[in-house]
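Here is a friendly walk through one protein model. Take a look at the fold, and then let us go through some of its features together.

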Amino acid sequence: MRLTRFPLNTVKEVPADAEIASHQLMLRAGMIRRLASGLFTWMPLGLRVLRIVEQVVREEMNRAGAIELLMPAVQPAALWKESGRWDKYGSLLLRMNDRHNREFCFGPTHEEVISDIARREFSSYRQLPVNYYQIQTKFRDEIRPRFGVMRAREFIMKDGYSFHIDQESLDETYNAMADAYSRIFTRLGLRFRPVQADSGDIGGSRSHEFQVLADSGEDAIAYCDGDDFASNIELAAALPPGGSRPAPGKAMETIATPGIRTIEELCEFLSISADQCIKTLIVDAEDGGLIALALRGDHELNPIKVQSLPGVASPLTMAAPDRIQEALNCPVGFVGPVDLQIPLFVDHSAAAISNFHCGANQSDAHLSNVNWDRDLAEPQTADIRNVVAGDPSPLGGGTLSIVRGVEVGHIFQLGDTYSRSMNVTVLDKNGKDCTLLMGCYGIGVSRIVAAAIEQNHDELGIVWPEPMAPFQLVIIELNPRNQAHVTAVADRLYDDLKQAGIEVLLDDRKARPGVKFAEADLIGIPHRIVVGDRGLTAGHVEYRHRATGDEENIPVDQVTQFMSQRIETSSTSA
């Protein structure tokens, strides 16, 4: 492709609301253009990358035995009411009425539609298992669209759904999809981890996310290289500390702490560290009462774990300050576990410390040198915190590290969550009705593009993983206006490299060299050849690799062979 015929419009300034690197660079590189809040046009350069991702996804889905179809984007409300999600999905669902005042929605996902297909198409266990997928536009009416295509309202997704007569069959397809996803992200040249995850609003039981590692990622991931453990931080188990609890020291005492309500303020006031403190949080109970949760001052509460505790209201709700004052006769910030008259769950790590500091259950006071089994009863313990770096791995192979990630794929075992409510059945081998089990497999195709940039960029622009690059090579022609021999060599190399099967972008514009170099770096083409008068006089062109910065001079008659070998090597290593 010649740049004189390719509409590439880069920009230096980007809107202030472009907060993360991928949003900024996709706008600057001319990959996308904003139409409205959360709605973007994919421009030619961006679309090339998007189509590459789609193709890899499609190839690996087909390889894994999935079958492609295409379902309507607009779905009748009746199906969503049948599954119970018409009201449950809330304001994320874009609802509409047709000219006959019939209710529809623009699909954010397709569990209902595929379930309707299955109950119409399948009648016998002999037709199963079946694994369908599509690559299609979705719409979710985000309250606050942000981060460009990372959290847009309209996006492109690969969603797949499988149907099974028993759990063994579902497990087999689930594992095949997990392997296919790993192949997809490996082929795209991304650093990623599959992690245990929560099923969220989709429902179901077993669930894994595929996270592209990036410092700007919204999700925290706990992993251990020693035993290959990896999990979303909300689901990673925090094991009880080993060893015995230290013996009590001095007697418990009350300390005046006027206006000291937070752990940070208490640590500064007493010159202590947060791991010597216990903080007590109060949440609503199922029966309308209150439940207390105690954990170490340096640890964070894990809402997902807490919601599974007996008696705790779901969704987890922190108790209102006036309720706490009325029930405990104590203001927020001074509540502690001693003589607390409501149910109490204590995190394992908090139960393992001695001589700790905590609220005194009275205004402007805290307790010091508090000990379990001396100053208060031995507690009922539970895992209610997020893991931290250095915690032991749940699998026992070492310690945990914490990294950030961008979720680009999610697979679920839905079980009969949808098939039961929508009566998706077939006759089993005994001639009896059997409710099918379902799997669900999603990939954010457009999100992958942004995640790749978040993981691969520098101060000059995008540094594409080579399998995802819109072009493999850019040829920069220096000063073509008055140097016909430079143009002739650049044209010949362009034709030869295309004949060799290389995707080439020829910058034949009459622009300054500095502009061409800057834009080549901005759009992130992996390989660059510079054709100029000085180099040709010496019989060579200049080569530069975008990611490493490696440079060398290549004889003109060896360029095609050199580039073919470099690209083949890069492809093999990816």
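## An enclosed strand and its neighbours

Strand β8 (residues 154-164) is largely enclosed by the rest of the structure, because ten of its eleven residues are buried. Please keep in mind that this is a predicted model. Which strands flank β8? Strand β7 (residues 130-139) pairs with β8 in the antiparallel sense, over ten bridges. One pair to look for here is Thr137 with its bridge partner Ile156 in β8. Strand β23 (residues 437-444) also pairs with β8 in the antiparallel sense, in this case over eight bridges. Here Tyr161 stands opposite Cys440 in β23.

Just ahead of β7 in the sequence there is a backbone detail to note. Pro129 lies in the loop between α5 (111-121) and β7, and the peptide bond from Leu128 to Pro129 is cis, with omega near 0 degrees.

## A four-stranded open sheet

Elsewhere, four strands form an open sheet with mixed pairing, in the order β14-β15-β16-β19. Its edge strands are β14 (278-284) and β19 (381-382), each of which pairs on one side only. Strand β16 (residues 344-347) runs parallel to β19, and two bridges join them. In this pairing, Asp347 has Ala382 of β19 as its bridge partner.

Asp347 also turns up among the contacts of a histidine. His299 lies in the loop between β15 (290-296) and α8 (303-307). Is His299 buried or exposed? At 3% relative accessibility, His299 counts as buried. Residues that His299 touches, leaving out those up to four places away in sequence, are Lys279, Asp347, Ser349, Arg385 and Val388. With Arg385, the side chain of His299 makes a polar contact, side chain to side chain, at 3.4 Å.

## The second largest pocket

Edge strand β14 has a part in the second largest pocket too, giving five residues, the largest share of its lining. This pocket has a volume of about 410 Å³. It is lined by 23 residues, and the closest to its centre are Arg261, Lys279, Thr280, Leu281 and Gly333. Lys279, then, is both one of these central residues and one of the contacts of His299. Elements that each supply at least two lining residues are α7 (263-270), β14, α9 (321-328) and β17 (356-359).

The loop between α8 and α9 holds Pro315. A cis peptide bond joins Ser314 and Pro315, with omega at about 5 degrees.

## Around Ile476 and the largest cavity

Ile476 sits in strand β26 (residues 473-477). With a relative accessible area of 0%, Ile476 is buried. Beyond residues up to four places away in sequence, Ile476 touches Asp507, Lys516, Phe517, Ala520, Arg528, Ile529, Val530 and Val531. By contrast, Ala77 lies 54 Å from Ile476, C-alpha to C-alpha, and 399 residues away in sequence.

Some of these contacts of Ile476, including Asp507, Lys516 and Ala520, are also part of a cavity lining. How many cavities of 30 Å³ or more does the structure hold? There are two, and about 50 Å³ of space lies in the largest cavity. Its lining is made up of Leu3, Leu8, Val474, Leu505, Asp507, Arg509, Lys516, Glu519, Ala520 and Ile523. Two or more of the lining residues come from each of β27 (504-507) and α13 (513-523), and α13 gives the most, with four residues.

## Cysteines without a bond

The structure holds zero disulfides. Why is Cys277 not bonded to Cys267? Their sulfur atoms are 4.0 Å apart, and Cys267 has the closest cysteine sulfur to that of Cys277, so the pair is too far apart for a bond. Cys277 counts as buried at 0% relative accessibility. Cys224 is buried as well, with a relative accessible area of 1%.

## Two loop aspartates

Finally, here are two residues other than glycine that have a positive phi.

| Residue | Loop | Phi | Relative accessible area |
|---|---|---|---|
| Asp228 | between β11 (219-224) and β12 (229-232) | near 65 degrees | 68%, exposed |
| Asp373 | between β18 (365-370) and β19 | near 65 degrees | 58%, exposed |

The loop of Asp373 leads back to β19, one of the edge strands of the open sheet.

Methods
Residues numbered from 1 in each chain as written. Predicted model: local features only at pLDDT ≥ 70, side-chain atom pairs only at ≥ 80, totals over all residues. Heavy atoms only, no water. Buried < 20%, exposed > 50% of the residue type's maximum accessible area, 1.4 Å probe, protein only. Contact = heavy atoms within 4.5 Å. Pairing = 2+ DSSP bridges. Disulfide = S-S within 2.5 Å. Polar contact = N/O pair within 3.5 Å; in protein donor to acceptor, adjacent residues only side chain to side chain. 1 Å grid on protein atoms, 1.4 Å probe; cavity = no way out; pocket = protein on both sides within 12 Å on 5 of 7 lines; lining within 4 Å. Points joined across faces, edges and corners; volume = space filled by probe spheres on them.
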